[in-house]
Amino acid sequence: MFDAIAGRYDLLNRVLSAGLDRHWRARAVKALNLTGTETVLDLCTGTADLALASTDARRVIGIDFAAAMLRLAKDKVRGAVPAIDLVRADAMRLPLRDGSVDAVTIGFGIRNVEQPTEAFREIVRVLRQNGSLAILEFSLPRAPIVRSFYLWYFRNVLPRIGRAISRHPTAYTYLPASVEAFSSPEAFVQQLRAAGFATARAVPLTFGVVYLFVATRHGAGAASA
């Protein structure tokens with residue numbers, strides 16, 4: 001499915017988020033407090049938008065399972081500073097050494113991993129001590145009026161726009177269904193802690209439409225958002 005919509009994926013992200021997706025990615029990168037010495041893993045990198053936002057890293061590794069997404073990402077990251085290496089791999093079986101990265105980002109991708117807890121264990125394995133994780137993921141707003149409007153848009157308007165632009169019959173029907181089935185922010189934080197993160201917290205963005213999850217592998221407190 002992601003291979004099929006790859007060519008129009010960036011456009012759809014801009015349109016369906018009204019351009020807010022750039023702001024959300026900037027918040028995720030800021031939460032890592034990068035100093036210019038870090039190796040960052042961008043997991044479920046897609047077309048590498050979040051990897052490209054990690055401008056304060058020393059090196060970025062982008063990993064995704066969708067080959068068509070990575071082909072588009074390859075053109076986007078050419079000449080990027082810092083250098084971005086793209087690898088096709090499974091989030092549940094990372095081809096990286098233990099303790100080989102300083103920080104990990106995931107932008108709207110953990111919801112699509114078959115077994116997120118396996119991915120969390122792999123992230124803990126490849127993170128160095130005190131390494132940080134920043135995850136962006138869609139959620140459902142808590143405020144009743146906002147939630148009601150959002151659900152109407154999510155179930156009725158978004159799939160139609162998605163189908164019209166992507167020319168894929170089901171991709172943007174899958175999106176709202178997967179978001180509604182996803183864990184609550186509180187449950188997701190508990191999953192991170194159970195996987196081995198010493199600290200984890202959830203930060204609502206844009207009325208709770210999106211959450212930023214920040215976690216730390218060991219010792220030091222979570223990075224500030």
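In which loop is Phe207 found? Phe207 belongs to the loop between E6 and E7, and the views below start from the sheet that holds these two strands.

The model is predicted, with local features requiring pLDDT of at least 70, side-chain atom pairs counting only at pLDDT 80 or more, and totals for chains, interfaces and linings using all residues. Residues are numbered from 1 along each chain as its sequence is written, and side-chain values use heavy atoms, with hydrogens and water left out.

**View 1. The open sheet and its edges.**
Seen as a whole, the sheet is open and has 7 strands in the order E3-E2-E1-E4-E5-E7-E6, with mixed pairing. Strand E3 (84-88) and strand E6 (199-205) each have a single partner strand and stand at the edges, so one side of each is left without a neighbour in the sheet. On average, neighbouring strands of this sheet are turned by 15° against each other, direction ignored. Helices (H or I, at least four residues) and strands (E, at least two) are DSSP runs numbered from the N terminus, two strands are said to pair if DSSP finds at least two bridges between them, and angles, which run from 0 to 180 degrees between N-to-C directions, are taken between axes that are lines fitted to C-alpha atoms, for helices over the stretch in contact.

**View 2. Strand E7 and its two partners.**
Strand E7 (residues 210-216) pairs with E6 in the antiparallel sense over 7 bridges, and 7 bridges also join E7 to E5, again running antiparallel. On the E6 side, Ala200 stands opposite Ala215 and Pro204 stands opposite Tyr211, while on the E5 side Leu136 has Leu212 as its bridge partner. In a regular strand the side chains alternate between the two faces of the sheet. Both faces of E7 are covered, with Val210, Leu212, Val214 and Thr216 buried on one side and Tyr211, Phe213 and Ala215 buried on the other; buried here means under 20% relative accessible area, exposed over 50%, and partly exposed in between (1.4 Å probe, protein chains only).

**View 3. The hairpin of E6 and E7.**
This hairpin has 4 residues between the strands, and Thr206 takes a positive phi near 50° there. Phe207, in the loop between E6 and E7, also has a positive phi, near 65°, in a residue other than glycine. At 68% relative accessibility, Phe207 counts as exposed. Most residues other than glycine have a negative phi, and most peptide bonds are trans.

**View 4. The cavity beside E5 and E7.**
The count comes to 1 cavity of 30 Å³ or more, and the largest cavity has a volume of about 30 Å³. Its lining is formed by Glu137, Phe138, Ser139, Phe182, Ser183, Pro185, Tyr211 and Phe213, and the elements giving two or more residues to it are strand E5 (127-138) and E7. A cavity is a set of points, on a 1 Å grid over the protein atoms alone, where a 1.4 Å probe fits but cannot get out, and lining residues have an atom within 4 Å of a point; grid points are joined across faces, edges and corners, and a volume is the space filled by probe spheres set on the points. By class, this lining has 5 nonpolar, 2 polar and 1 charged residues, where Ala, Val, Leu, Ile, Met, Phe, Trp, Tyr, Cys and Pro count as nonpolar, Asp, Glu, Lys and Arg as charged, and the others, Gly among them, as polar.

**View 5. Val126 and the covered residues of helix H5.**
Val126 lies in helix H5 (residues 116-126) and is buried, with a relative accessible area of 0%. The other buried residues of H5 include Ala119, Phe120, Glu122, Ile123 and Val124, and among the elements that cover the buried residues of this helix are strand E1 (39-43), E4, E5 and helix H8 (185-195). Leaving aside neighbours within four places in sequence, Val126 is in contact (heavy atoms within 4.5 Å) with residues including Leu41, Leu94, Asp98 and Ser100. Ser100 lies in the loop between E3 and strand E4 (101-107), counts as buried at 12% relative accessibility, and touches Thr39 and Arg128 as well as Val126, not counting residues up to four places away in sequence.

**View 6. Backbone details in two further loops.**
The peptide bond from Val81 to Pro82 is cis, with omega near 0°, and Pro82 is found in the loop between helix H4 (67-77) and E3. Phe108, in the loop between E4 and H5, has a positive phi near 60° and counts as buried at 10% relative accessibility.

How values were computed
On a 1 Å grid over the protein atoms alone, a cavity is a set of points where a 1.4 Å probe fits but cannot get out, and a pocket is an open set with protein on both sides within 12 Å along at least five of seven lines; lining residues have an atom within 4 Å of a point.
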